[in-house]
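Thanks for making the time. I have one structure to show this morning, and I will put it on the screen now.

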Amino acid sequence: MEFPIKCYDVCPDCECLDCIPAEIIQELKDEGKIPAEIFTKGLAISVPLFDPSMLQKMISETLVGKPKYPVLQIFFAICKDCKRFYVREINLIWQEIQLQMAPMKDQKLPPSRFG
Ligand SMILES: [Zn+2]
C-alpha cells in the first residue's frame, strides 16, 4: 500500500471548504494561544500498530539505530455546514520507541490489546 493516501479536500457531500477543526485551530493561532507552525495539516487520530508485549523483543532485535513502530495517522475534518466527518489523508509513519515506554526487566507487561 502506498502512503499517503489522499482522500477528500472538501466535504464529499456538500463540497463545503470550511471544516470545524481548522476553524478552531485558526482561532487559537490568531489569539496566540498555539504556535502558527503546529497543526498545519489539521487534526489527526494516531493509532499505534504494535503489540506492547512485543516491545522488549523489538528493542532487542534492533541492531542499528533506534527501534521504531508503525503508527497509522488519519487526518480528518468535520464539515462546518452538514457536520459530516470525513478523512483527508491517511499516512503510515514510523515512530521511535521512547526509552520510558520500554518496560523494566521485571515489570509485568499489560495484556495484549490485539488478541
Ligand atoms: Zn458538508
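I will go through the overall layout, then the sheet, then a few single residues.

Please keep in mind that this is a predicted model. The mean pLDDT of the protein is 87, and 85% of the residues score at least 70. If we compare the elements, E1 has the highest mean pLDDT, at 96, and helix H2, residues 55-61, has the lowest, at 82.

Now the layout. The secondary structure consists of two helices and four strands. Read from the N terminus, the order of elements is β-α-β-α-β-β. The protein has 115 residues, of which 4% count as buried. As for contacts with a separation of 6 or more, 70% of them come from residues 24 or more positions apart.

On to the sheet. In what order do the four strands lie in the sheet? The order is E1-E4-E3-E2, the sheet is open, and the pairing is antiparallel. Strand E1, residues 5-6, and strand E2, residues 43-48, are the edge strands. Each of these two has a single partner strand, so one side of each has no neighbour in the sheet. As general background, strands in a sheet pair through backbone hydrogen bonds, in a parallel or an antiparallel way.

Let me take the pairs in turn. E3 covers residues 68-78 and E4 covers residues 85-96, and eleven bridges join these antiparallel strands. Two places to look at here are Pro70, whose bridge partner in E4 is Trp94, and Ile78, which stands opposite Phe85 in E4. The hairpin of E3 and E4 has six residues between the strands, and in this hairpin Lys83 takes a positive phi near 65 degrees. On the other side of E3, the pairing with E2 is antiparallel and runs over six bridges. There, Ser46 has Gln73 in E3 as its bridge partner.

While we are on E4, consider Leu92, which is found in that strand. Which residues does Leu92 contact, once its neighbours within four places in sequence are left aside? They are Phe3, Pro70 and Leu72. Leu92 and Leu72 are 20 residues apart in sequence, while their C-alpha atoms are 4.8 Å apart in space. Is Leu92 buried or partly exposed? Leu92 has 14 C-beta neighbours inside 10 Å, so it counts as partly exposed.

The last part is about backbone geometry. In general, most residues other than glycine have a negative phi, and most peptide bonds are trans. Here are some places that depart from that pattern.

The peptide bond from Phe3 to Pro4 is cis, with omega near -5 degrees. Pro4 sits in the segment before E1.

Next is Glu15, in the loop between E1 and helix H1, residues 20-30. Glu15 is not a glycine, yet its phi is positive, at about 60 degrees. With 11 other C-beta atoms within 10 Å, Glu15 is exposed.

Then there is Phe39, in the loop between H1 and E2. Phe39 also has a positive phi without being a glycine, in this case about 55 degrees. How many C-beta neighbours does Phe39 have inside 10 Å? The count is 17, so Phe39 counts as partly exposed.

To recap the main point, the four strands form an open, antiparallel sheet, with E1 and E2 at its edges. That is all I have for today.

Note on methods: Residues numbered from 1 in each chain as written. Predicted model: local features only at pLDDT ≥ 70, side-chain atom pairs only at ≥ 80, totals over all residues. Pairing = 2+ DSSP bridges. Buried ≥ 20, exposed ≤ 12 C-beta atoms within 10 Å, placed from the backbone. Contact = placed C-beta atoms within 7 Å. pLDDT = per-residue confidence, 0-100.
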